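Biologist: I am new to this structure and should like to go through it by question and answer. May we begin once it is on display?

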Amino acid sequence: MTLLATESLTKTYGGRVTALADLTVSVEPGIIGLVGANGAGKSTLIKILLGLLAPTSGRVSVLGLDPTTDPAAVRARVGYMPEHDALPPDLSAAELVTHLGRISGLPRTVARERASEALRHVGLHEERHRAVGGYSTGMKQRVKLAQALVHDPDLLLLDEPTNGLDPAGRDAMLALIHRIGTEFGISVVVCSHLLGEVERICDTLVAIDGGRLLRADRVAAMTSATDVLAVEVSEGTEELAARLAALQLPVSREGRLLLVPLADDATYDLILGAVAELDLPLHRLDQRRHRVAELFATREPSHV
Amino acid sequence: MSEPTGVIHDIGYQRYTGPRLGRRHVFGALYLHGLRTAFGLGRSAKAKIFPWLVVGIVVIVAAGLTAVRTQTGQVVMTYAQFADAMSWLVIFFVAVVGPELVSRDLLSGVLPLYFSRPLPRGDYALAKLGALGTALWLLLGAPQLVMFLGAAFTTDNGMHGVWDELLDLLPGLLYAALWAMVFASIGLLIASLTGKRAFAAGGIVAVFLMTTPIVGILSIMPSRTVNELALLGSPPSLIHAVGRYTLGDLLAPGAQAEAEIGQFGPVYVAAAVVLVAGCVALLLLRYRKVAAR
């Protein structure tokens, strides 16, 4: 089943500002990272997926439904977490999430039960009867996530869920999203301008820039065959580099590290042999995944 | 040491397979939520102070009127006149509760959470409008009911007297509904324009009170036609004029009504309908724009 599909999707505001240009992409269920700089068209795309904005031209489908003709059906099965502050300060998290659950069509008692479940899943069980105004940024983000989850959607659209969080909060939020995508069986689209962040939890990445598609692919496909070994020795880095070069390994330097593309397991043996021969103190030798950012960087000039 | 009795089992995430209610129920949920908000129910104690202060005042006034009537046998105010007399309280109630219903949502940014749900954008506005209108109607209608009960229990003419009272009460409640509709539609439209509650409240009071001098000026103009149309100048006087035309004696002695609105009764009714319809249309238009942002 296709989770999301767009076909030549274009959105212009007032005929002058182009937010999306001829975007054609199709993704399977899973955790999808939607990455792009601020203003790349991520939020516009989300609003079109929710049926809040009508595309200027092109077609779009969400969970097999068309949000332009049947927005209510799409929204009943989608949960949305907006980027900005969206919580009335004087309501408690439990009241707010219950109320929004009812607006999603849950019967009264079910809404109450599911609201407290959703808040428990995001880790806000104890505090849920306190007014949201007194919450920390991290807690507010969790409430926003809980309200997107309350009606048991098939797809979550999360707009910059780690916004304003400290590093520990980011990790916790990403772990939570990963858990929702894997254990809860709910597909998730995570919007972010931080590629390094979403690449850790996503199995599909869609990168857009200036409203155009840069690349859309499974993360596994993007990073395979591009792994490198990072070697660090306490001294004698130059000697080792020369020795490895002599062994026909395309070695490159990055600070105190030597980077060697990983061809097969024999590469390990060659490096370890070289280190042993030179009798150097090996600090570390580990496999490093190519950062997805580097994959996009090489393609960037193509859209200008 | 006793064994722990309550053990929490993490049963993991449960998918929901039960019923999902339709548009009518969602509308009802939002409407009831709005009505509760209007009276501060389910909200902080601070939010309850003002609505219940106003409710207290109108009920006490109604009780006072009832007491006077039972003691002296004189009708100080008819049911319809009661609504007129309480108009300034209604204005303040709208100025506080209207922004509470819509401006707060604009400011806190909660609207995207509503509009990303299967709630048509027009339904949001109409549910809030219904909630405010109902709150106003209850505010004016409940004291009338107090007056009715007082009169019904003390009537000297048995069931016939009760029936007469009821026939007086019903137009009063309808008149209260007119007040509620006009005030709710104007008040909510103004409140929906800004997220700042103070500005919204000020705007509402301004529209209702600042337009009163217009009526004054028009009514002293040399033209008799202008004088008779003067009540079009401000919403409260417009309602009053419609009441004069439709209720007649219940609001003021006949001759006086003639003098004030002349033969222009239907014009006033049409103006009231156009005013309410226009405000509702603008309100829906307003939320069409807000939702797309």
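Biologist: Is helix α1 (residues 42-49) of chain A largely enclosed by the rest of the structure or not, and why?

Modeller: This is a predicted model. A residue is called buried when its relative accessible area is under 20%. Among the residues of α1(A) that are buried are A:Leu45, A:Ile46, A:Ile48 and A:Leu49. Seven of the eight residues of this helix are buried, so α1 of chain A is largely enclosed by the rest of the structure.

Biologist: Which residue with a positive phi follows α1(A)?

Modeller: The phi of this residue is near 75 degrees. The residue that follows α1(A) is A:Gly51.

Biologist: What is the area buried between chain B and chain A?

Modeller: The contact involves 32 residues of chain B and 44 residues of chain A. Carbon and sulfur atoms give 53% of the buried area. The area buried between the two chains is about 3,400 Å².

Biologist: Which residue of chain A forms a salt bridge with B:Arg104?

Modeller: The rule finds three salt bridges across the interface of chain B and chain A. In the one formed by B:Arg104, the closest N and O atoms are 2.6 Å apart, which is within the 4 Å cut-off for a salt bridge. The partner of B:Arg104 is A:Asp90.

Biologist: How many nonpolar residues has the side of chain B that touches chain A?

Modeller: Helices α1 (23-38), α4 (87-108), α5 (111-115) and α13 (265-292) of chain B each supply at least two residues of that side. By class, this side has seven polar and eight charged residues, and its nonpolar residues number 17.

Notes
Residues numbered from 1 in each chain as written. Chains lettered and ligands numbered in written order. Predicted model: local features only at pLDDT ≥ 70, side-chain atom pairs only at ≥ 80, totals over all residues. Heavy atoms only, no water. Buried < 20%, exposed > 50% of the residue type's maximum accessible area, 1.4 Å probe, protein only. Helix = DSSP H or I, 4+ residues; strand = E, 2+ residues; numbered from the N terminus. Contact = heavy atoms within 4.5 Å. Buried area = accessible area lost by both parts, 1.4 Å probe. Salt bridge = Lys/Arg side-chain N within 4 Å of Asp/Glu carboxyl O. Nonpolar A, V, L, I, M, F, W, Y, C, P; charged D, E, K, R; others polar.
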